[in-house]
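Here is a note for a colleague who is beginning to read protein models. Please keep the structure open beside the text and look up each point as it comes.

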Amino acid sequence: MIAVLKPGVTEAQKNNLIKWLKDQGVGVHVSEGQFQTIIGLIGDTSRIDPDLLTGLDIIENVTRISEPFKCANRRFHPLDTVVTVGAGENAVQIGGGHFAIIAGPCSVESEAQIIGVAQRVKASGAKLLRGGAFKPRTSPYDFQGLGLDGLRLLIKAREETGLPIVTEIMSDKYLDEFAEHVDLIQVGARNMQNFELLKELGSLHKPILLKRGLSSTIKEWLMSAEYIMSRGNENIILCERGIRSYDSYTRNVLDLAAVPLVKELSHLPIIVDPSHATGKSRLVPRMSLAAVAAGTDGLIIEVHNDPAHALCDGPQSLTPEQFDALARQIQTLQAAL
Ligand code: PEP
Ligand code: MN
């Protein structure tokens with residue numbers, strides 16, 4: 001349920017209303033726009049009589065929200081959310097017209113590799129560095145990532161380049177380390193519905209990159225965002241990374257319609273991962289440009305210094321030279337749009 005306040009309502013009147021609503025046992029989400037304040041009610045709103053609210057002289061109108069996601073709902077928060085990642089002069093904004101590219105290898109492999117790639121992608125215009133330290137591999141015999149050593153190398157790469165770091169959390173085991181050191185905590189496709197992990201992330205103040213699950217509907221994906229947001233962490237960036245289908249020519253099927261659709265449904269920023277969506281490096285440039293045309297707030301692209309010998313996802317990784325050429329094409333396209 002949302003209640004739109006009349007213009008000119010005082011702080012005291014607003015606070016009284018919020019206190020009364022909380023006393024009724026519902027959660028309250030306040031969205032202050034330039035011209036209106038929207039009070040969103042979360043939880044069991046069956047005890048709140050909409051007619052009673054409508055009758056209050058500070059309330060313009062009351063409507064029920066039929067979708068199960070409330071905090072993530074565009075109607076709770078009509079303006080685009082802008083998520084700030086990192087701090088100080090290297091802080092990056094994503095959403096609400098702010099576009100950024102995240103680039104880097106699938107996995108951190110060595111100090112020379114991660115720092116070398118970080119310097120190259122930064123020179124080409126990437127604003128954030130990606131790199132997996134804890135890897136969700138289909139086979140237990142495949143490279144599982146360098147773990148905490150990988151995280152230390154990412155921190156070193158940030159010190160060298162200033163790029164904020166993005167890496168995947170697989171469980172709450174290292175929650176404290178992630179909360180302290182990682183600028184944008186990635187929840188991978190396989191963990192999108194790890195609800196206990198999502199609840200833990202809801203109590204952090206760090207931005208979360210929430211990838212779409214392997215076969216998740218858009219509603220399920222937004223409900224996962226809701227798990228995090230309803231605990232108080234509203235800094236979420238959604239990531240469309242392709243969904244599973246029957247065709248095996250591509251690794252996944254890139255659902256580009258999700259970009260404009262999610263923007264209708266939600267105020268959260270959404271970015272696109274053309275690397276995991278296609279699984280083929282030669283398809284990444286075209287799909288990146290298509291994502292930009294679809295209105296994405298950013299891209300996350302795998303870049304490796306030597307894709308043929310990468311320990312993970314080499315076939316979908318661009319070389320630094322290919323990434324540089326793509327970054328230029330993206331700029332040209334954006335200028336033309
Ligand atoms: C990744 O970003 O390296 C990754 C494993 O992605 P996803 O969870 O989308 O498969
Ligand atoms: Mn990967």
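1. Please begin with S216, which counts as buried because its relative accessibility is 8%, and a residue is called buried when that value is under 20%. As this is a predicted model, the value is computed from predicted coordinates. In the chain, S216 belongs to the loop that runs between strand β11 (208-211) and helix α7 (218-229). If its neighbours within four places in sequence are set aside, the residues in contact with S216 are M192 and I243.

2. Which protein atoms serve as donors to the manganese ion (ligand 2)? They are SG of C106, NE2 of H276, OE of E302 and OD of D313, and they lie 2.0 to 2.4 Å from the ion. Written along the sequence, the spacing of these donor residues is C-x169-H-x25-E-x10-D. Within this set, H276 is part of helix α9 (residues 274-278), whereas D313 sits in the loop between strand β14 (298-302) and helix α11 (320-336), so the pair ties together parts of the chain that are 37 residues apart in sequence. Both H276 and D313 are buried.

3. The next place to look is the largest pocket, which holds about 220 Å³ of space. Its lining is made up of 17 residues, and those closest to the centre are P136, R190, R251, H276 and D313, so that two of the manganese donors, H276 and D313, appear again here. How many residues of the lining are nonpolar, polar and charged? The lining of the largest pocket has four nonpolar, four polar and nine charged residues.

4. Finally, please follow strand β3 (residues 37-42), which is mostly covered, with five of its six residues buried. On one side of the comparison, strand β1 (residues 2-5) pairs with β3 in the antiparallel sense over three bridges, and within that pairing A3 stands opposite I39 of β3. Strand β2 (residues 27-32) also pairs with β3 in the antiparallel sense, here over six bridges, and V28 has L41 in β3 as its bridge partner. The strands β2 and β3 form a hairpin, with four residues between them. When you inspect these strands, it may help to remember that in a regular strand the side chains alternate between the two faces of the sheet.

Terms used:
Residues are numbered from 1 along each chain as its sequence is written. Chains are lettered from A and ligands numbered from 1 in the order in which they are written. This is a predicted model: local features need pLDDT of at least 70, side-chain atom pairs count only at pLDDT 80 or more; totals for chains, interfaces and linings use all residues. Side-chain values use heavy atoms; hydrogens and water are left out. Donors are N, O and S atoms within 2.8 Å of the metal (3.2 Å for Na, K and Ca); water is not among the atoms, so sites may look incomplete. Helices (H or I, at least four residues) and strands (E, at least two) are DSSP runs, numbered from the N terminus. Buried means under 20% relative accessible area, exposed over 50%, partly exposed in between (1.4 Å probe, protein chains only). Two strands pair if DSSP finds at least two bridges between them. On a 1 Å grid over the protein atoms alone, a cavity is a set of points where a 1.4 Å probe fits but cannot get out, and a pocket is an open set with protein on both sides within 12 Å along at least five of seven lines; lining residues have an atom within 4 Å of a point. Grid points are joined across faces, edges and corners, and a volume is the space filled by probe spheres set on the points. Ala, Val, Leu, Ile, Met, Phe, Trp, Tyr, Cys and Pro count as nonpolar, Asp, Glu, Lys and Arg as charged, and the others, Gly among them, as polar. Contact means heavy atoms within 4.5 Å.
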